[in-house]
Amino acid sequence: MPISPRRQESNVSMAAALAEARAAYDAANPESRARFEAAARVMPGGNTRSVLFYEPFPLCIARGEGPRLTDVDGHGYVDFLGEFTAGIFGHSNPIIRAAIDRALDDGINLAGHNRLEAELAEIVCRRFPAIEQVRFTNSGTEANLLALAAAMAHTGRRKILVFKGAYHGGVLVFGDVPSPVTVPHDFVLAPYNDLSGTEALIDAHGPSLAAILVEPMLGAGGCIPGEPAFLAGLRDAATRHGAVLIFDEVMTSRLSPGGRQAELGIVPDMTTLGKYIGGGASFGAFGGKAEIMARFDPRRPGALSHAGTFNNNVISMAAGIAGMTKVLTPNAITALNARGTALRDALNALFRERDARLQVTGLGSIMSVHATHRPIRAPQDLAAADPDIKDLVFFDLIARGFYIARRGLMALSLPIGNAETAGLIAAFDDILAVRGPLLAR
Ligand SMILES: Cc1ncc(COP(=O)(O)O)c(C=O)c1O
């Protein structure tokens, strides 16, 4: 049961409102707290995936069904997070479940090629024609690491141009500089959506540049779309300098049947994938031009090695085949993204009408709430956002039975329909009414 929020006085301070919201959250979730405290004895911060942590303690989710989640204290939520874009099918899709069950009948780890991997590879290559050949990994992180290795081997160069504020995986995290956990490649950091600034860096480093690695929309960086002219300019610059252009479409491949690259008509040399393509099981893939991918052909002398015990695991392969062919049809993707665009437009219209210090950025079915009404074109524009407002909105949504990421990310899943999106808009409407001046410009 969602907790019913108390009406607030309009002169309550932000600090008091946040303290009250946190206290109400704490009181409503004793089982989540107990599990967090037990976990913290054996895992740092009770956590094995940093993005899931938030103060005072994160919810522990017990189960999911369709578009809904239930936490260990028995509260139900409409799941607007969709497993950070990987959960596009919703929870426990029966077609995917049946495909996994069938695959398990023949055993899980077979220590050999299986009948499924080439079938999924063919589906991926057909969906994303720039991927002439593909290899599977266990995660998007690994996919990007392998794509970078391939680009360096292919060009015989070492430098990699990436963007400030980009996220390409657990060991490929970039603020203004690479994070301490980022692999020690020779990175050049460029300003996102600033073509002339980026071109100057590309021109300066051109002869030693192996790759340009870019998200067509900054995902973890706040759902900031790459501008078409910026992304097209990267294509031209990479071609000019003989660098490998890698589109990290781990998130954005779901924005159209052929990914964001198809929408933009840009053909990258390599593409990385992940998230939903394994039908909700662990997944990553890197692929692209056959002449680059052929370096992994073990029949070739001096072939690059690409290992991974679970790269072709039958659970991900079977779930992926079923999900991509029977559930996530091109029509279903198109309709889902149209629903996302309509939701984002409706929320932004509401925020404008109420003069709220809120906006939603993103594309199609992937979006992020930000506590600023000022334009957002690049990560530095988020400096204007108010973290307290974002926190308050997060707790207020949880209290009303809507689950989003603490950082504001929302990703629609197929079972989310008009009733669910209308419910979310009504919840925001109510939050704006209750919080009044605290959220105003
Ligand atoms: C754009 C992008 N690239 C790579 C990754 C890493 O994928 P994974 O979490 O499967 O390692 C993510 C994950 O959120 C992502 O958003």
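1. Let's start with what surrounds the ligand in this predicted model. The shell is made up of Ser139, Gly140, Thr141, Asn144, Tyr167, His168, Gly169, Glu215, Asp248, Val250, Met251 and Lys275. By class, three of the shell residues are nonpolar, six are polar and three are charged. Helix α5, which covers residues 140–155, contributes the most to this shell, with three residues.

2. If you are setting up the ligand, here are some polar contacts to look at. Aspartate 248 places a polar side-chain atom 2.7 Å from a nitrogen atom of the ligand. Lysine 275 also uses a polar side-chain atom, and its partner is an oxygen atom of the ligand at 2.7 Å. With glycine 140 the backbone is involved: an N or O atom there lies 2.8 Å from a ligand oxygen. On its own the ligand would expose 390 Å², and the protein buries 84% of that area.

3. Which pocket does the ligand take up? The space taken by the ligand is the largest pocket, and the volume of this pocket is about 1,000 Å³. Its lining counts 38 residues, and those closest to the centre are Arg49, Val51, Phe84, Tyr167 and Lys275. Two of these names will be familiar from the first point, since Tyr167 and Lys275 are also among the residues around the ligand.

4. A word on the make-up of that pocket's lining. It divides into 18 nonpolar, 13 polar and seven charged residues. The largest share of the lining comes from α5, with three residues. Helix α5 is also the element that gives the most to the ligand shell, again with three residues.

5. The second largest pocket deserves its own look. Its space amounts to about 840 Å³. The lining holds 38 residues, with Arg49, Leu52, Ile61, Leu69 and Glu83 nearest the centre. Arg49 is a name to keep in mind, as this residue is also one of those closest to the centre of the largest pocket.

6. Which helices supply the lining of the second largest pocket with at least two residues each? They include α2 (30–42), α3 (94–104) and α10 (314–327). Of these, α2 provides the largest share, four residues. In terms of class, the lining has 21 nonpolar, 12 polar and five charged residues.

7. Now for enclosed space. The count comes to one cavity of 30 Å³ or more, and the largest cavity has a volume of about 40 Å³. Its lining is formed by Leu358, Val369, Lys390, Val393, Phe394, Ile404, Ala405, Arg406 and Gly408. Six of these residues are nonpolar, one is polar and two are charged. Helix α12 (residues 387–399) gives the most to this lining, with three residues.

8. Two backbone details may be worth checking when you prepare the model. Where is the cis peptide bond? It runs from glutamate 55 to proline 56, and its omega is near 0 degrees. Proline 56 belongs to the loop between α2 and β1 (61–65). Helix α2, at one end of that loop, is also the element with the largest share in the lining of the second largest pocket.

9. The other backbone detail concerns cysteine 223. Its phi is near 55 degrees, which is a positive value in a residue other than glycine. Cysteine 223 sits in the loop that connects β8 (217–218) and β9 (224–225).

Key:
Residues numbered from 1 in each chain as written. Predicted model: local features only at pLDDT ≥ 70, side-chain atom pairs only at ≥ 80, totals over all residues. Heavy atoms only, no water. Near = heavy atom within 4 Å. Polar contact = N/O pair within 3.5 Å; in protein donor to acceptor, adjacent residues only side chain to side chain. Areas by Shrake-Rupley, 256 points an atom, 1.4 Å probe, with all protein chains shown as cover. 1 Å grid on protein atoms, 1.4 Å probe; cavity = no way out; pocket = protein on both sides within 12 Å on 5 of 7 lines; lining within 4 Å. Sits in = over half its atoms within 2 Å of the grid points. Nonpolar A, V, L, I, M, F, W, Y, C, P; charged D, E, K, R; others polar. Points joined across faces, edges and corners; volume = space filled by probe spheres on them.
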